[in-house]
Amino acid sequence: MSGDVILSTIGVTKRFGRFFALRDVTVAFNRGSLTSIIGPNGAGKSTYFNLLSGALSPTTGKIFFEGRDIAALPQHTFAHLGIAKSSQITSVFPELSTVENVRIAAQARRVRYNFWTPRARYIELIDKAQALLEVVGIAHRGDLPARALAHGEQRALEIAMALASEPRLLLLDEPTAGMSPVETRTMMDLIAGLAAKRTVILVEHKMKLVMGISQRLVVLHHGEIVAEGTPDEIRGNDTVRRIYLGGRKF
Amino acid sequence: MTLAPDVLALQLLTGLALGALYALLAIGLSLIFGMLTVVNFAHGAFFMVGAYVGFFLYGLTGSFWASLVGAPLAVGAVGLVVERFLVRPLYGRGLDYPLLLTFGLAYVLVEIVRILFGKQGLPFDTPEALSGAVDVWVGYFPLYRLFVIGAAAAATLAVWLFIDKTSYGLIIRAGARDPVIVRILGIDIARVWLAIFGIGAALAGFAGVLAAPLQGVAPEMGDTVLAEAFVVTVIGGMGSLLGAVVAGLLVGVTISMTSLFAPEMARVCVFALMALVLLVRPQGMFGRAGLLS
Amino acid sequence: MRPLSLALTAQRARDGTDALTRRRVLIAALFLGVFPWLMPYKALAINVLIYGLYAVGFNLLYGYLGMLSFGHAAFFGTGAYGCGIVVARWGKPWFLAIPAGVFSAAVVALAIGYLAIRTRGIYFAMVTLALAQCVYYVFFQAESLTGGENGLRGVNVRSISLPGVSLNLLRPTTKYYFILFFVVVALWIVSRILASPFGAVIEAIREREARARACGYNVAAFKLITFVVSGALCGLAGALNAIHLSTVPIESLVYETSGLAVIMSLLGGTGTFFGPFVGAAAFLLIQDLTALWTEHWQLIAGAVYMIFVLFFPRGIWGSVLEWLYR
């Protein structure tokens, strides 16, 4: 692991009216690391992720990705920069087939404004989509419309779609939300595998889950960073224990 | 060209009378949308039916007051039937479907009126008691237009009091925010929706009968009104009653003022106003952002 | 929700792996080639061609991108006036007039689209309706150019000289095939667009706009381009109608004409390739047959349309597909 920084947010504040969702958040993420952002509900995790993925712009502050300030760029350019996100609420193209979902995501990098060539001509995109479904373990469901997939499969599909843009930074927003224990285990194994090849930032409020696989943790509370460090440091942090776990040992 | 201040003031009043009708229409649209998330494309047709019911009752009874009361009641009843039997089966099927259906309904209503009253427009005399002009300090102004402003203001006030001050209104406001909560509280939301659709339709019918002495009645009179009511709603902000009133008056005054200087530009000017609002504030003057996303 | 089988069929059509889809333009051309002999008279067949194309243009926007416009009369009318003015006022030949109609419709679509795509869903329907009404007023006022209330008269294209042949457009059959040529070319273009990567993206936007944006697509640009293409196709339909009628009635621009595109597409089946044509044929036949015994055919057409919205939202062709692939 080199120590170079892929993403950093400097003094980022997001205000909705009078409400501060995030206040002066300054963090740096190293290339190739797996960092989890944790915190109780309403801590500002999702807002922070929406800023990183371009769905929202910060009220003040800067976001640097590979040395470039991306805070004010429109959302659709983020995929081209090399940032992809799978969202908390499952968001796929329900009537399109599973493989078409991934193919469309992959197409974004290859060809966009072509009105004429039959899309079936881009065989490499179909192959790539198929391969990605293989990676996330739902290749056998490729022909079904996405809405016919089980919940866990749809989340896997989301990740395949995020991977299709070949991101150097992968953002995963509660990827195990609503999953059964078995599905959760499969998903965490998948994430650990993905993190070997790229930078991953994970949002999760089930703290136990991420302890095992994260190299670093960032704890948000009321829109501010209250702690950051290795899992062991966080485990021993009194502030975290007090606000996040109500004093319980974990 | 120089214009005397009193001419401008009278024209302003004319604009307010026109705007009062737009406001009534837009309130009905907004009410139905705010509660049911249905855009009623038959609103123009309800307006037209109101005018024709007024025409019919006026001829039958010889009393304008009878038609003023009867038209909104009749159109309100039509609204109840429409919601119960045509719109209700479509809830949960996507927002497009009620819109597509009410559009078809307008088509049918126009044709029914053509069958009953003929294809040609008909004149509607200003009632005796309201004809003539009164001195409004800056000059003489048609009494009937003053009456339109007053009647529309009274109807608006009644709707506002109903929604803001009564227990029914409380349910309506809660239901607009979260239908599930209202259902949990044991209130039959379907009946609230039914009532709202009826009230919205009745307001359109009331606007129709008020407009009839100004422009006569014609089967197609609802078509242009529908487009203009939409413009008002877009400017004011969908779902906002205050927006409906302010934008309605604004559009009315814009039309009357531009027709003073460049009559051929009067209608187009209103659309320019809407374009401006869309560019600067797509959710409308009083609309909430993201309401329709 | 659509049955699973229908979703699978639709996906095969998108992928271009079923025989019907790969040959859809050829099938349409062959069928429309013999179509006049299936109709009671030729003028009706010509109307089906023109309004079918009009509905196809509308369906590209509504059926595939999911944006419900109630203002497509603006493009049909502008296309008709654009073509008509070039012929009747400036005395230029048809091969300049038709592109002029298409181009002017595209320009109007660009202006309306630029404003309207800032809104979504039902708001979009209201805004397009209002802006189309504005276009109506503009053409209505520009009397010296458009003839105002009386419409534009004298759009006379009686014969067409091509190298080697001269087509007499006063013969209905010749006129039919002349118009059919443009319609088939337009269908071919639409078919290519739908099968292209661009076509894939607009369906993705219909399915879930936010996700398409997250995938890296500039959704606003895709919407505006599709809006303009849709407007241009409807403009072509309008231009052909001007040549067909030799006049441009001001009614080309009214709200009810916008509604026709909606009704026809819904009757036939939105989001399907052949649906709009089926819908246009069905509507015009209803109009033609009921007009024989009542002048109030709109009552019947409107009632049939409402029955379809309530009970057969997939439309005629959509229901046929569902039955075929059940």
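This report walks through a contact between two chains, one helix beside it, and two residues with a positive phi. The model is predicted.

Let's start where chains A and C meet. Here 33 residues of chain A are in contact with 28 residues of chain C. On the chain A side, the elements that give two or more residues are helix H2 (78-81) and helix H3 (98-110). Helix H3 of chain A gives the most, with six residues. By kind, the residues on this side of chain A divide into 17 nonpolar, ten polar and six charged.

Helix H3 of chain A also turns up in the surroundings of helix H1 of chain C: together with helix H16 (315-324) of chain C, it is included in what covers the buried residues of H1. Those buried residues are C:Leu6, C:Ala7, C:Thr9, C:Ala10, C:Gln11, C:Arg14 and C:Asp15. Helix H1 of chain C has twelve residues (4-15), so at 1.5 Å a residue it should span 16 Å, and its end C-alpha atoms are indeed 16 Å apart. After this helix comes C:Gly16, with a positive phi near 75°.

Two residues other than glycine have a positive phi as well: A:Glu174 and B:Thr37. The table sets them side by side.

| Residue | Phi | Loop between | Other C-beta atoms within 10 Å |
|---|---|---|---|
| A:Glu174 | about 45° | strand S7 (169-173) and helix H6 (181-195) of chain A | 21 atoms |
| B:Thr37 | near 45° | helix H1 (5-36) and helix H2 (43-61) of chain B | 18 atoms |

Is each one buried or partly exposed? A:Glu174 is buried, because 20 or more such atoms are needed and A:Glu174 has 21. B:Thr37, with 18, is partly exposed.

Definitions and conventions
Residues are numbered from 1 along each chain as its sequence is written. Chains are lettered from A and ligands numbered from 1 in the order in which they are written. This is a predicted model: local features need pLDDT of at least 70, side-chain atom pairs count only at pLDDT 80 or more; totals for chains, interfaces and linings use all residues. Two residues are in contact if their C-beta atoms, placed from the backbone, lie within 7 Å. Helices (H or I, at least four residues) and strands (E, at least two) are DSSP runs, numbered from the N terminus. Ala, Val, Leu, Ile, Met, Phe, Trp, Tyr, Cys and Pro count as nonpolar, Asp, Glu, Lys and Arg as charged, and the others, Gly among them, as polar. The expected span of a helix is 1.5 Å times one less than its number of residues. A residue is buried if 20 or more other C-beta atoms lie within 10 Å of its own, exposed if 12 or fewer, and partly exposed in between; C-beta atoms are placed from the backbone.
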